[in-house]
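Here are some notes from going through the model, roughly in the order I would click through it. Have it open next to you as you read.

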Amino acid sequence: MDLTGSPPRIATVDEAADVGRLLHDFNIESDTPTPGAQVLEERLRRLLDGASMFAILVGEPAVAVGLGSVRPNVWYQGSVALLDELYVTPELRSQGIGAAMLELLRIHAEANGIDAIEINVDEGDVDTQRFYERNGYTSIEPTTGERAFYYYR
């Protein structure tokens, strides 16, 4: 895909349907439960209208989505963003779209007082781990050299 005609952009609230559709498609492809594109769109209309969530889209119509949530953190002067999802439609993968989205994420973070970006990746998803590492992310805590883990309940 030639990104010069449609570079990654920060989505507007009016693009909530595209964000929801792509997130739904991602979950279907990953065999993960989804509440459906319409429910996601309704939630996204509310969430994208505030400062706690943003989305990145590529294409007209949109063919790739990134979803980030933002929160304060005591260890940083600014906030922390969690890249909740990054999805490129299967037929357009390995063309630099994901890397371009990560670059926009970095630029968006710098412009909006986000001091750290966190990404969670499943242990078995080694291709995705390599993708993030190629793009400057690490699972090693820089001050201790220890591997970082993510837990949830």
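1. Let's start with a charged pair: Glu-41 and Arg-45 form a salt bridge through their side chains, with an N to O distance of 3.2 Å. Keep in mind that this is a predicted model. Both residues belong to helix 2 (residues 37–47), and at 4 residues apart they sit about one turn of the helix from each other. Glu-41 is partly exposed, because its relative accessibility is 22%. Arg-45 is also in the partly exposed class, because its relative accessible area is 33%.

2. Helix 3 has a salt bridge too, between the side chains of Arg-106 and Glu-110, at 2.7 Å from N to O. These two are 4 residues apart in helix 3, so about one helical turn separates them. An α-helix has 3.6 residues a turn, so residues three or four places apart point the same way. How exposed are the two partners? Arg-106 counts as partly exposed, because its relative accessibility is 34%, while Glu-110 counts as exposed, because its relative accessible area is 57%.

3. Next, helix 4 (residues 126–134), where Arg-130 and Asp-127 are 3 residues apart and therefore separated by about one helical turn. Their side chains meet in a salt bridge with an N to O distance of 2.4 Å. I'd look at the surroundings as well: Arg-130 is partly exposed, because its relative accessible area is 43%. Asp-127 is exposed, because its relative accessibility is 52%.

4. How many salt bridges are there by this rule? The count comes to 9. Beyond the helix pairs above, Arg-9, Glu-15 and Glu-60 are linked in a salt-bridge network. As background, side chains of opposite charge can pair when their charged atoms come close.

5. Glu-60 turns up again in the backbone: the peptide bond from Glu-60 to Pro-61 is cis, with omega near 0 degrees. Pro-61 is in the loop between strand 2 (53–58) and strand 3. For context, most residues other than glycine have a negative phi, and most peptide bonds are trans.

6. On phi, two non-glycine residues deserve a look. Asp-31 has a positive phi, near 55 degrees, and is not a glycine. Asp-31 sits in the loop between helix 1 and helix 2 and is exposed, because its relative accessible area is 71%. Ser-94, also not a glycine, has a positive phi of about 65 degrees. The loop between strand 4 and helix 3 holds Ser-94, and Ser-94 counts as exposed because its relative accessible area is 82%.

7. Back to helix 3 for its geometry. Helix 3 (residues 97–111) has 15 residues, which at 1.5 Å a residue should span 21 Å; the end C-alpha atoms are 21 Å apart, so the two values agree. Which residues of helix 3 are buried? They are Ile-97, Gly-98, Met-101, Leu-102, Leu-104, Leu-105, His-108 and Ala-109. These buried residues are on the same side of helix 3, because they cover an arc of only 160 degrees around the axis. Glu-110 and Ala-111 are the exposed residues carried by the face turned away from that buried side.

8. For the aromatics, a search of the whole structure finds 4 aromatic pairs. One of them is Tyr-150 with Tyr-152, a stacked pair at 5.8 Å centre to centre with 25 degrees between the planes. Tyr-152 counts as exposed, because its relative accessibility is 70%. Separately, Phe-131, Tyr-132 and Tyr-137 form one aromatic cluster.

9. There's a nonpolar patch on the surface: Val-74, Trp-75 and Tyr-76 make about 440 Å² of it. Val-74 is in the loop between strand 3 (64–72) and strand 4 (79–88). Is Val-74 buried or exposed? Val-74 is exposed, because its relative accessible area is 73%.

10. A last item, on helix 1 (residues 16–29), which contains Ala-17. Ala-17 is partly exposed, because its relative accessibility is 32%. Ala-17 and Leu-47 are 30 residues apart along the chain, and their C-alpha atoms are separated by 13 Å.

Note on methods:
Residues are numbered from 1 along each chain as its sequence is written. This is a predicted model: local features need pLDDT of at least 70, side-chain atom pairs count only at pLDDT 80 or more; totals for chains, interfaces and linings use all residues. Side-chain values use heavy atoms; hydrogens and water are left out. Buried means under 20% relative accessible area, exposed over 50%, partly exposed in between (1.4 Å probe, protein chains only). Patches are made of residues with over 30% relative accessible area and no salt bridge: like charges are joined within 9 Å, nonpolar side chains (Val, Leu, Ile, Met, Phe, Trp, Tyr) within 5 Å. Accessible areas come from the Shrake-Rupley method with a 1.4 Å probe; for residues, only the protein chains shown count as cover. A salt bridge is a side-chain nitrogen of Lys or Arg within 4 Å of a carboxyl oxygen of Asp or Glu. Rings of Phe, Tyr and Trp (its six-membered ring) pair if their centres lie within 6.5 Å; planes under 30 degrees apart count as stacked, over 60 as edge-to-face and the rest as tilted. The expected span of a helix is 1.5 Å times one less than its number of residues. The arc is that of the directions from the helix axis to the C-beta atoms.
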